[in-house]
Structures are given as structure tokens and as C-alpha cells.
Amino acid sequence: MDKTPKVTIAPAKGRLGILTPGMGAVSTTFMAGVIAIRKGLGKPIGSITQLGTIRLGKRTENRVPKIKDFVPLADLNDIYFGGWDIFEDDAYQSAVHAGVLEKTLLDQIRPELEAIKPMKGVFNKDYVKKLDGNYIKTGGTKWDYAQALMEDIKNFKAKHKLDRLVIVWCGSTEIYLKQHEVHATIASFEKAMKEDHPAIAPSMIYAYAALKMGVPFANGAPNLTTDFPALNDLAKETHTPICGKDFKTGQTLMKTILAPGLKARLLGLSGWFSTNILGNRDGEVLDDPESFKTKEESKLSVLEQILQPELYPEMYKGFYHKVRINYYPPRGDNKEGWDNIDIFGWLGYPMQIKIDFLCRDSILAAPIVLDLALFLDLAKRANFSGIQEWLSFFFKSPIVLPGLYPEHDLFIQQMKLKNTLRFMQGEDQITHLGADYYEYYR
Ligand SMILES: NC(=O)c1ccc[n+]([C@@H]2O[C@H](COP(=O)([O-])OP(=O)(O)OC[C@H]3O[C@@H](n4cnc5c(N)ncnc54)[C@H](O)[C@@H]3O)[C@@H](O)[C@H]2O)c1
């Protein structure tokens, strides 16, 4: 087999700053988790970069290094945290408020968390109706706020003597926005910022500031944010990797694990009803129909793409798919997601599957923030730019180039991710053909 060319990757030398716009449940669970892991207080369960392995060459070669030993990733001890929020709480206060991690654990790392203080956010209530932040930048246009964010980024890097930065959006879900003509080019986008155009949401201003400075940007929420030509072009122009949207955690993770299996065995689907109750701030924000619409679009697209009803009409044409999210304060961050799945088999005989996933949202999301930050930093050092489709593995609604459909099947996404790492290091792609072990075609 041909060896693919080796990509030149700069070493992960020095300190990496990870900034999150939004320092709520997900962000603080991520930061506190990394600090706790560094101190030996827990293990990075769920993190591909920390615990994942990668097979190289033939099965008989027994070469299966850890991913972190195969590609040059930043070490957890070299990470420094920061962020923005619209409330002044430091990471300790915010983590206590979020109630995800036990206070006994948080108290063991309290000084480190208290040192992580948010910078003032760029916020506008028109885009997140349920929040009233008071710790925000005021008195400027959207263009001025972008400049202020760039100043923040520059100062943060200098003050903490950081070598590289990555930004991961962990802010609230904004209202549903469609692509608008101002999103077409960098020039129209910049003009619109100066005119305070309503099609420019706060998350886009953070993304613009990051990309302008060549800082890789991942979007953990379903907001449009970077998913349009102007910011894709800017990412290419400044050689900056981007990815998104919407961390793939609870119910959608289960969907993208189960649906490929049903399809592989050609079991039919007549309906999939998904409902959730959750009581954290994210749940409160999603109680607003306009923020929920953004989330709903992100969650609904998954099954259609995986099941391909146009190719398999007998099994999948016209299946009913419904997703509901209800805010239910007593549960806090511990969500419950029910799925009722009506399937059918041989001769159309009906069957049912029920899933009741009592999950912890931020516990599932935290390792994704870490993996995205480390992989984006790797991509930047490998000189990759623009949309990083190989990171689709982590998202509910992966961004892709116009004209491509997003790949939602978790196992195809995993193959894409690992083959990209093999490509970077000049290793053979793994096709799983395996015929040469048996010589049955000779
Ligand atoms: N937890 C999960 O499993 C999961 C999965 C997929 C996506 N997400 C998304 O991740 C995001 C964060 O989730 P969370 O549970 O941490 O929510 P959260 O409400 O606990 O935290 C969000 C934080 O963002 C802040 N914020 C809102 N607008 C801001 C702005 N313009 N600038 C700076 N800060 C801002 C809020 O004050 C809050 O502290 C949400 O958009 C959520 O939909 C979470």
C-alpha cells in the first residue's frame, strides 16, 4: 500500500490557553475536571485524547499506541484556562452553582478555580431571551465589541505567558437564525457589524475575533456562529481551523449509536419519539421557544441523514420523529431522556425499543471540550485550516462545506477521525478489508 505523505506538525511546546465564552456548567466541569485529573483526583473517562488508542498497520503487527503518544498533543499540565461570561462568578462559584461536581471535590481545587475569573461578555438579550446578564461590555457597536474581544485575547495571552490559544464556545444557545445575505462575504459581515445588524449574533462576534487572530474556534452550541461563507472564508484566510456545532452528548449520542445498527441490519423504523427533562440553566434557556428551535433543528437532522430514506424507502420513508425538551428544575444537570422507538422486521412485524437514559449532561460534555481543544490545537500546528470535518465525531450537527452532507453515523465519524490522525503521521489508512490475511483472492 502507498504511504500517505507525512504532514509537518509543529511540536506542542509551551503553554496552551483554552478560553471558553460561557463559563457555566459544561465549561466549569471541564476546567475543574482537568485540574482534578492533574492532581490525581479523578480519571479522564470519556476523553479520546487521553485514553483512546489507535491501531496502526496490520492486526498482526500489534501496534496500538495511545492517541496522545501517536500525535503531538498538548500536555494537560501545560493548559491554562480562561473565559468570558455575562455573570461575574469565578469558576469555583459557577461550578458550585451548576451543581454538577460534588462540593467536596471542588473544595480540593478551590484556589485554582477561584483564579479563573471571567472577562466581561458580549451579550444581547434579544439572542438569549431567558438570561439577564449584568457583566457585559457596553456602549459600542458589534464591530467595537469584536475589537474589544481581540484586546481581551491579546492581553490574556501576554499576561499568562501563553504560546498558543484555542476557543471553545460553551455559552448559552442563541435564538434560531438562518443564513442572511450579510453572512455571504467577509466584507459584508464586517460592514454589518459596524451597522449593528440584527443578523450578527454575539457568538459570531466571538468567532470573528478568534478567527481574525488566527485562534482555532469550536462551537459547542447549535447556534449558526461560524456556519456560513464569511467566517469560513476568514478561517481559510487566517489559516485557522474551525468546527461545530452542538456537542454530541446524551440522547443524540445514543441515536447515532443505535440508528446505524438498525440500518446495518435493515430493520425498519416507523417512529422515534424522544423526550427530555432537565433542570439546569441550559434547560431554562431552552424553555424559550426560539432557543429551542435552534436545538430542535440540530437534533432532528441526525436520523434522516443516517437512515437515508431515499435509498431505503421500504424501511425508512416517512418515519415519524419528534424531539421534546422540558425544563424541570428538580433534576438540575442530571437529565432524563426517554426514547420510544417503533421498529419493524421481517414481513413488517412491529417491535419496540425503549431507552431511558439517566445521564449527566456536563459529565458527557466535559471530555468533548478537552478533546476538541487539543485536536484543534494539533490541527493548527499541522497547518490545517477552515472546517475540520474529521472532528464531526464530537457534534450533533457537524459543519461541512456547501454541497456536502454531514456524516452523522458515529462509527463513520470515528473512522474519519482516526484515519485523519493516521494521514497526519504517514501511516496506512485502515480499510478493514483484511483479505490478505486469508489469501482467498490469490
Ligand atoms: N451539556 C451538554 O451535554 C451539552 C450538549 C450539547 C450542547 N450544549 C450546549 O453547550 C452550551 C453550554 O451548556 P451549559 O450546560 O454549560 O449551559 P450553562 O447555562 O450552564 O452555561 C452557559 C453560560 O454561558 C453564559 N453566556 C450566555 N451568553 C453568553 C455570552 N454571549 N457571552 C459569554 N457568556 C455567555 C451564561 O451566563 C452561562 O454561564 C449550551 O449552549 C448548550 O446548549 C451542552
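**Entry 1, Leu266.** I began with Leu266 in this predicted model and counted 12 C-beta neighbours inside 10 Å, so I entered the residue as exposed, the limit for that class being 12 or fewer. I then looked up its backbone and found phi near 50°, a positive value in a residue other than glycine. I located Leu266 in the loop between helix 11 and strand 7, the strand spanning 268–278.

**Entry 2, Lys161.** I next checked Lys161, where phi is near 50°, again positive in a residue that is not glycine. I placed Lys161 in the loop that runs between helix 7 (142–159) and strand 4 (164–169), and I noted it as exposed, because 10 other C-beta atoms lie within 10 Å.

**Entry 3, a cis peptide.** I looked up omega for the bond from Gly244 to Lys245 and recorded it as cis, with a value near -5°. Lys245 sits in the loop between strand 6 (241–244) and helix 11 (251–264).

**Entry 4, domains.** I took the domain assignment of the chain, which gives domain 1 as 16–247 + 363–424 and domain 2 as 251–360. Over C-alpha atoms, I found 25 Å between the centres of the two domains. I listed the residues in their contact and obtained 28 from domain 1 and 28 from domain 2. On the side of domain 1 that touches domain 2, I found helix 15 and helix 16 (410–424) to be the elements giving two or more residues, and I sorted that side into 14 nonpolar, seven polar and seven charged residues.

**Entry 5, the ligand.** I counted 36 residues around the ligand, with Gly22, Gly24, Gly121, Ala221 and Arg281 as the closest. Both domain 1 and domain 2 contribute at least three residues each to this shell. Among the elements, I noted that helix 1 (25–38), strand 2 (79–85), helix 12 (281–286) and helix 15 (361–381) each give at least two, and that helix 15 has the largest share, with four residues. By class, I entered 18 nonpolar, 13 polar and five charged residues for the shell.

**Entry 6, helix 1 against helix 4.** I followed helix 1 to where its axis comes within 9 Å of the axis of helix 4 (residues 91–98), the two crossing at roughly 115°, and I recorded the crossing as left-handed. Ala25, Thr28, Met31 and Ala32 of helix 1 meet Ala91, Ser94, Ala95 and Ala98 of helix 4; I classed the residues of this contact as six nonpolar and two polar, with no charged residue.

How values were computed: Residues numbered from 1 in each chain as written. Predicted model: local features only at pLDDT ≥ 70, side-chain atom pairs only at ≥ 80, totals over all residues. Near = placed C-beta within 6 Å. Nonpolar A, V, L, I, M, F, W, Y, C, P; charged D, E, K, R; others polar. Domains from an automatic or database assignment. Axes fitted to C-alpha atoms, helices over the stretch in contact; angles between N-to-C directions. Left-handed = near helix turned anticlockwise from the far one by under 90°. Contact = placed C-beta atoms within 7 Å. Buried ≥ 20, exposed ≤ 12 C-beta atoms within 10 Å, placed from the backbone.
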